[in-house]
Amino acid sequence: MSSQPSRAVSPRSSLARLRSSSRPSARRATLFALTPLALCLAQAAMAQQADAPAADSAAATPTATAPQLQEVRINASTEKDMGFAPVEAQTASKAPMRRLETPQSVSVVTREQMESRQVTNVQQALQTVAGVSPVNFGRRGFDDLNIRGFRSTESILVDGLVQSPGMWAKLQPYGYERFEVLKGSASVLYGQVQPGGIVNAVSKRPKKEALSEVGMEVGSFGQRTLQADINRPLSESGKTALRINAQVSNADDPTQFVYRKDRWFAPSLSVDLGAQTDLVLFATYSQSQWMRQQGISPYGTVLPNRNGTLSRTLFTGDPSFGGYDVESKTVGYALEHRLSDAMTFRQNVRYESEKGTGNFVSNLALQANQRLQNRQATRQYLDYDLLATDTSLLSRFDALGVKHQLVTGLDVRSGHSYQAQRRCTIGALDLFNPVYDVAATCPTNFTSDAPEKLNVMGLYAQDQIKFGQGWTALVGLRRDWSTNDIDDRLAKKQTRQKDSATTLSAGLVYEFKPGWSAYGSYGESFLPVSGLTFGGTPFVPETGKQWEAGVKYEAPGGQLTGALAVFDLVRNNVTTADPMNTGFSVATGQQRSRGLEAELGADLKNGWKLTSAYTYTQTKVTRDTNAALVGSPLNLTPRHTLTGWATYKLPQYPRVTLGMGGRYVSEQIGSYPFTLPSYFVADVSVSYVGENYRITAGVKNLFDKAYYDGAINANVVSPSLPRNFSVGLTYFF
């Protein structure tokens, strides 16, 4: 892995040039949104004319009644986002589906779980999910994570729509009802995603009932947060409603000079267009400033250093060089119209943009004296935009004696990314006697300047088929086309990269006794890779293939859920170093991940609630141009991970709830040639609920365990947070 991700961007002085030459006109943006709408309306009209009797028949069956279809929502969950044992998820099929009948691993983190654990970022939210490694790349300001051994940072979706892969935005968990994690290859429904799996963040949206809460939280290292969630019905029926979520937070860090400031605002409005139509308009605005904590040298931490042990709070950058300043905006709508009792048209549209600058100092190789740390300073400039649409038709009908829930759709994305950077020189840092405010020398011209224009289109269909006694099949097919135009202004060269692929998925579930099911599935993924070989040809896309089998359990009433899965996932066409041409790559590598995952969720009547997970993952490089790497495990993939979190409502004092949990992570490769030692971390909390308020206090890393949970390259290791506390007060009115 390179020392820095490819997130370099353009200077503000050059943004006007990009806007005038690259961005689509308003008319073109509208066409991107409305073309799928017209296609699906035509499809719906033809289906109604051809299958009107079938629709009437389906309406008479218990599985296709209008009330059930009315529970389908694009941007809202299908059940209350409470409890530790949810029984439904929508990410695996873009429609509500029992997890028991889903032939793939899907995990859900509810709002109640997040609140009980005082979650402040996506990494924390997913710590209790089997198969997910919320890796730490030095608290660099982004949501980094691995799923089933493979990087999935660019596969975090919001309400089923893919975000721009280069965005620096960091999701605020306060704005989401739940996170759903679909593990393994998922391209059939979501297109160009990474093979390990996806995370779908389901946003808070307007409700028919009024609710009002304001809260504040303070904690270690200068944490100060103010937040509010206000929902007001604006009509007698409650279908027209306004919801406003907002959060302001400031925080420092154990590492000197490191800080973060976030300002986030998200209004949404539901509009009453009649009993058969739901429309939600939404927008978000966020502005963030932070100083990046890059990490410290492995020599003196996980490896010996002849000069002694390094301070875990050492800052290896330079505060005078500056930090990050990023502003992002989104606007869009979610439309759902019930054409009949058995057919629902849906369209989800989001336009997002992000602009900003990022300045950071990264570690190069440590000098031979193991005291002086060579460094590099980088100035980055960012300007992104993306228009994403997903238009689909959900149909329920009977045919040939079996029941179908068919999702057909078209998703289209069009976006621009302007990336530029200046690589600057800066003096080495004495790790044992650091001196800051060192001047950096930056070139006048960019060291990279290559705006890109991406167009993606995908046609997909997935059918859930129920037949016999307890049998459910899920079959999907997708065709993708993408075009990426790259304008390398330094090399004065323009490149067009065109890719296409057909992906499929198939799975079978058998509920062999009430509440128990066994399943098997196969899935594929497809992900184009930017860049050129030495010969000037584009890289072939990465592909993924996964086989999975497992057993699931759901107790009557949903008080207890469990899942056990085994998987075999192969990632092909991985870019590796070109052995014949230094500085270039070839797409010939292959990596494999195999493992076992177990999850348990419980909402017991005796006051206990529990979520726990165990993961066994075995990864290795199966093909690489560097023969020494073949057979080696992948970085940041612990063999064993065990997590658990439980809450207990005291019977004598029902207003008091105790929380406790922890996670064990076995030894893992940080980056060759060092490993990160295993660790166990415990967390606790206590909350008190009054008549119209709630107080929650918690301690993370209760025993102040010193450990390292990430490494972005061989020159850096990432120290975790020491023991820290927080106290929050939420007032309801």
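Which residue stands opposite Arg-178 in β10? In this predicted model, the residue facing Arg-178 is Val-202. The two strands involved are β9, covering residues 176-183, and β10, covering residues 197-203, and they pair in the antiparallel sense through seven bridges. Both belong to an open sheet of five strands, laid out in the order β3-β9-β10-β7-β8, with mixed pairing. At the edges of that sheet sit β3 (106-110) and β8 (161-162); each has a single partner strand, so one side of each goes without a neighbour in the sheet.

Strand β9 turns up again among the charged pairs. Side chains of opposite charge can pair when their charged atoms come close. The count of salt bridges here comes to 40. One of them joins Glu-599 to Lys-183, with the closest N and O atoms 3.6 Å apart. This pair links distant parts of the chain, since Glu-599 is in strand β27 (residues 585-603) while Lys-183 is in strand β9, 416 residues away. Lys-183 is buried, at a relative accessible area of 2%, and Glu-599 is buried as well, at 16%. Because buried means under 20% relative accessible area, Glu-599 with its 16% falls on the buried side of the cut-off. The pair does not stand alone: salt bridges with shared partners bring Arg-99, Arg-148, Lys-183, Glu-548, Glu-597 and Glu-599 together in one network.

Two further salt bridges show other arrangements. Arg-663 pairs with Asp-683, the closest N and O atoms lying 3.5 Å apart. Arg-663 sits in strand β30 (residues 656-665) and Asp-683 in strand β33 (residues 679-689), so this bridge ties together parts that are 20 residues apart in sequence. Both of these residues are buried. A local case is found in helix α5 (residues 111-116), which holds both Arg-111 and Glu-115, four residues apart, or about one turn of the helix. Their side chains meet in a salt bridge at 3.6 Å, N to O. Here Arg-111 is buried, with 9% relative accessible area, whereas Glu-115 is partly exposed, with 28%.

Another charged residue worth a look is Asp-229, found in strand β12 (residues 223-233). Asp-229 is buried, at a relative accessible area of 3%. What surrounds Asp-229, leaving aside its neighbours within four places in sequence? The residues in contact with Asp-229 are Tyr-174, Lys-204, Leu-211, Ser-212, Glu-213, Arg-243, Ile-244 and Asn-245.

On to the nonpolar side of things. The largest nonpolar core has 20 residues, and the members touching the most others are Leu-314, Leu-431, Leu-676 and Val-717. Three elements give two or more residues to this core, namely β32 (674-676), β35 (708-713) and β36 (716-719). The largest share, three residues, is supplied by β35. Setting aside its neighbours within four places in sequence, Leu-431 makes contact with Ser-297, Leu-310, Leu-314, Thr-316, Leu-366, Arg-371 and Gln-373. A second core, separate from this one, has 18 residues, among them Val-122, Val-158, Phe-179 and Val-199.

Next comes a run of strands further along the chain. Strand β15 (residues 277-290) and strand β16 (residues 324-340) run antiparallel and are joined by 14 bridges. Within this pairing, Leu-281 has Tyr-333 in β16 as its bridge partner. β16 also pairs with strand β17 (residues 343-366), again in the antiparallel sense, over 16 bridges. In that case Glu-327 stands opposite Lys-355 in β17. β16 and β17 make up a hairpin, with two residues between them.

Lastly, there is the matter of cysteines. A disulfide is a covalent bond between the sulfur atoms of two cysteines. The structure holds one disulfide, formed by Cys-424 and Cys-442, whose sulfur atoms are 2.1 Å apart. The torsion about the S-S bond of Cys-424 and Cys-442 is about 105°, so this disulfide is right-handed. Cys-424 lies in strand β19 (residues 402-430), and Cys-442 lies in the loop between β19 and β20 (448-449), so the pair ties together parts that are 18 residues apart in sequence. The two ends are not equally covered: Cys-424 is buried, with a relative accessible area of 3%, while Cys-442 counts as partly exposed at 29% relative accessibility.

Terms used:
Residues are numbered from 1 along each chain as its sequence is written. This is a predicted model: local features need pLDDT of at least 70, side-chain atom pairs count only at pLDDT 80 or more; totals for chains, interfaces and linings use all residues. Side-chain values use heavy atoms; hydrogens and water are left out. A nonpolar core is a set of buried Ala, Val, Leu, Ile, Met, Phe, Trp, Tyr and Cys residues joined through side-chain atoms within 4.5 Å. Buried means under 20% relative accessible area, exposed over 50%, partly exposed in between (1.4 Å probe, protein chains only). Contact means heavy atoms within 4.5 Å. Two strands pair if DSSP finds at least two bridges between them. A salt bridge is a side-chain nitrogen of Lys or Arg within 4 Å of a carboxyl oxygen of Asp or Glu. A disulfide is a pair of cysteine sulfur atoms within 2.5 Å.
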